[in-house]
Amino acid sequence: MTAVDSNYGTKLTTKTTVQFNVGGKKYEVSRSMLGQHSDTMLARMASGTWQRDTESCLFVERDGGRFQYVLDYMRDGEVTLPAAGSVTKESLLKELVYFGFSNVDPSSIRMEFSCWEAPTYMSRITQEYQNEFEKLKRENYELNLLMACNTVAYASCIRYMCTGSFKVNFSVAHKSNGMGRIYSASCRTAKNELDFRVADALKGLTLADNKKGQMVLNQCLAKYGLSSATGEYKENRGRVQVGGSCGVIVEDSITSVGLTLFK
């Protein structure tokens, strides 16, 4: 193949293939295939502008093992990855973006399974799932803690403004006569809406004896110019019976919350 160098007006003999050294692993790619992907970085590297010597091997600082699947995608528009291999779907998608392939359909990259590879692949994705699940659990706890502290701080500020007292209490149940630690749930009304908001926010977590919870609560109270001293926050929990004529359900729940505010 012969081409004219526009800068020098001389004729260059161009090979029909281009050599790439990708992370120490050598590949030979046809110029015709590169021409089908003219907008990619690989095609630009093999052009006369970049490659002055058509006999030279172009070095690319990328993973040599993944590059073979980049070539598969260039040839077929889709790739099948071995399930037990080191190349994941996510890593190949990143590689294609790096080389300048746009609008890659993720469904064009599939995993190939065999009876021998399946256990290894299942073990890997199980570990990935467990790691992601634990991360989401931590993030979920942090979010629930923040929402609970925001709710308690807001409700405390409203109650203080309504009563003028720095000692604020929220109660959603009352002791049942002769029932030991059994409480009867109060009816939710507009008058005790704040109490139930606090109780709802504290389902599944506690701020009592929780140093981090106390710190976050004071950060939320600070928005209203208030704070709560350590040891001044109290929670009472017990077995609360709810329900009426259709039956009674007894569940462990928060019954009251109390704290002393400071300005």
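Phe20, Tyr27, Phe67, Tyr98 and Phe99 form one aromatic cluster. The structure is a predicted model, and the exercises below start from this cluster.

**Exercise 1. The aromatic cluster**

Determine how many aromatic pairs there are, and classify the pairs Phe20–Phe67 and Phe67–Phe99 by geometry.

Solution.

Step 1. A pair of aromatic rings is described by the distance of the centres and the angle of the planes. Rings pair if their centres lie within 6.5 Å, and by this rule the count comes to seven aromatic pairs.

Step 2. For Phe20 and Phe67, the ring centres are 6.2 Å apart and the planes meet at 50°, so this pair is tilted. Phe20 belongs to strand E3 (residues 17-22) and Phe67 to helix H3 (residues 64-76); the pair therefore ties together parts that are 47 residues apart in sequence. Both Phe20 and Phe67 are buried.

Step 3. For Phe67 and Phe99, the centres are 5.5 Å apart with the planes at 65°; planes over 60 degrees apart count as edge-to-face, so the pair is edge-to-face. This pair links distant parts of the chain, since Phe67 is in helix H3 and Phe99 is in the loop between helix H4 (89-98) and strand E7 (109-112), 32 residues apart. Phe99 is buried, as is Phe67.

Step 4. A charged side chain also meets the cluster member Tyr98: Arg62 lies over the face of the Tyr98 ring, at 3.7 Å from the ring centre.

**Exercise 2. Helix H7 and its N-terminal cap**

Establish whether the length of helix H7 agrees or disagrees with the expected span, on which side its buried residues lie, and which residue caps its N-terminal end.

Solution.

Step 1. Helix H7 (residues 211-222) has twelve residues, and at 1.5 Å a residue it should span 16 Å. Its end C-alpha atoms are 17 Å apart, which agrees.

Step 2. The buried residues in H7 are Gly213, Gln214, Val216, Leu217, Cys220 and Leu221. They cover an arc of only 165° around the axis, which puts them on the same side of H7. An α-helix has 3.6 residues a turn, so residues three or four places apart point the same way.

Step 3. The cap is Asn210, with a side-chain oxygen 3.2 Å from the backbone nitrogen of Lys212. Asn210 is in the loop between helix H6 (193-201) and H7. At 14% relative accessibility, Asn210 counts as buried.

Step 4. The side chain of Asn210 has further polar partners. One of its polar atoms lies 2.8 Å from the backbone nitrogen of Gly213, and a polar atom of the Asn210 side chain lies 3.1 Å from the backbone oxygen of Thr206.

**Exercise 3. Two cysteines**

Decide how many disulfides there are, and state whether Cys149 is buried or exposed.

Solution.

Step 1. A disulfide requires two cysteine sulfur atoms within 2.5 Å. By this rule the count comes to zero disulfides.

Step 2. Cys149 is in no disulfide, and its nearest cysteine sulfur, that of Cys220, is 5.3 Å away. Cys220 is likewise in no disulfide, with the sulfur of Cys149 as its nearest cysteine sulfur.

Step 3. Cys149 counts as buried at 0% relative accessibility. Cys220 is also buried, with a relative accessible area of 4%.

**Exercise 4. Positive phi outside glycine**

Locate Asn103 and Asp209, and state what is notable about the phi of each.

Solution.

Step 1. Asn103 has a phi near 55°, a positive value in a residue other than glycine. The residue is in the loop between H4 and E7, and it is exposed, with a relative accessible area of 79%.

Step 2. Asp209 is not a glycine either, yet its phi is positive at about 55°. Asp209 lies in the loop between H6 and H7, and at 86% relative accessibility it counts as exposed.

**Exercise 5. A strand serine and a loop lysine**

Describe the setting of Ser256 and of Lys15.

Solution.

Step 1. Ser256 is in strand E12 (residues 249-262) and counts as buried at 18% relative accessibility. The side chain of Ser256 makes a polar contact with the side chain of Asn236 (2.9 Å).

Step 2. Lys15 is in the loop between strand E2 (11-13) and E3, and it is partly exposed, with a relative accessible area of 24%. The C-alpha atoms of Lys15 and Glu55 are separated by 7.4 Å, although these residues are 40 residues apart along the chain.

How values were computed:
Residues numbered from 1 in each chain as written. Predicted model: local features only at pLDDT ≥ 70, side-chain atom pairs only at ≥ 80, totals over all residues. Heavy atoms only, no water. Phe/Tyr/Trp six-rings, centres within 6.5 Å; stacked < 30°, edge-to-face > 60°. Helix = DSSP H or I, 4+ residues; strand = E, 2+ residues; numbered from the N terminus. Buried < 20%, exposed > 50% of the residue type's maximum accessible area, 1.4 Å probe, protein only. Lys NZ or Arg CZ within 6 Å of the ring centre and 35° of its normal. Expected span 1.5 Å × (residues − 1). Arc of directions from axis to C-beta. Polar contact = N/O pair within 3.5 Å; in protein donor to acceptor, adjacent residues only side chain to side chain.
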